[in-house]
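Visitor: I'm new to this one. Could you show it to me and explain the labels people put on it?

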Amino acid sequence: MHIWVDADACPAVIRDILFRAAERVRLPLTLVANNPPRTPPSRYINTLQVPRGFDVADDTIVARVRAGDLVITADIPLAAAVIERGGHVLSPRGETLDADNIRERLNIRDFLEQLRGSGVQTGGPAALNHADRQAFANQLDRFLVKHARSANNG
């Protein structure tokens, strides 16, 4: 299994949680970004710099993700593409996106985009808070424990 991070929009505090997790469970983690963030020295943590452009990082992640990989992103279309390829998705707020909820999330995203297109101010997401960070860390740990159990049984 590999952990992929849509790093341009991933908060630094979430990246720090991911860095510690990658070291702890010894899983490869790759941050994909136009401007790769700083990373601690590690044999498990890598960056992949992609050219600037619309969806270049997303397309790179989709092209490289394999069934069973985990992708960290808040980008709903990217999440849908990853799920379609058999990957798992966790948002920086700790929300698991899967085949059961991605269609609804795409519909909400499209609806809000239509509202914004017609001039309605929809606002953006709230700032990431302590509860969000804790939810992310908890969901990540649950996922990694489940994955480790599956790998040991398979």
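Visitor: How many salt bridges does the structure hold?

Guide: This is a predicted model, and it holds 3 salt bridges.

Visitor: What makes Asp-141 and Arg-24 a salt bridge?

Guide: Their closest N and O atoms are 2.7 Å apart. The cut-off is 4 Å between a side-chain nitrogen of Lys or Arg and a carboxyl oxygen of Asp or Glu, so the pair qualifies.

Visitor: Where in the chain do Asp-141 and Arg-24 sit?

Guide: Asp-141 is in helix α5 and Arg-24 in helix α1, 117 residues apart, so this pair links distant parts of the chain.

Visitor: Why is Asp-132 called buried?

Guide: Buried means under 20% relative accessible area, and Asp-132 has 14%, so the word fits. Asp-132 also meets Arg-93 in a salt bridge, at 2.7 Å from N to O.

Visitor: Is Arg-93 buried, partly exposed or exposed?

Guide: Arg-93 is at 30% relative accessibility, which lies between the 20% and 50% cut-offs, so Arg-93 counts as partly exposed.

Visitor: What do Glu-95 and Arg-105 tie together?

Guide: Glu-95 lies in the loop between β5 and β6, while Arg-105 lies in helix α4, so their pair ties together parts that are 10 residues apart in sequence. The two side chains meet in a salt bridge at 2.4 Å, N to O.

Visitor: What makes the link between Asp-75 and Leu-78 a polar contact?

Guide: At the start of α3, a side-chain oxygen of Asp-75 comes within 2.8 Å of the backbone nitrogen of Leu-78. The cut-off for N or O atoms is 3.5 Å, so this pair is inside it.

Note on methods
Residues are numbered from 1 along each chain as its sequence is written. This is a predicted model: local features need pLDDT of at least 70, side-chain atom pairs count only at pLDDT 80 or more; totals for chains, interfaces and linings use all residues. Side-chain values use heavy atoms; hydrogens and water are left out. A polar contact is a pair of N or O atoms within 3.5 Å; within protein, one must be able to donate a hydrogen and the other to accept it, and residues adjacent in sequence count only if both atoms are side-chain atoms. Helices (H or I, at least four residues) and strands (E, at least two) are DSSP runs, numbered from the N terminus. Buried means under 20% relative accessible area, exposed over 50%, partly exposed in between (1.4 Å probe, protein chains only).
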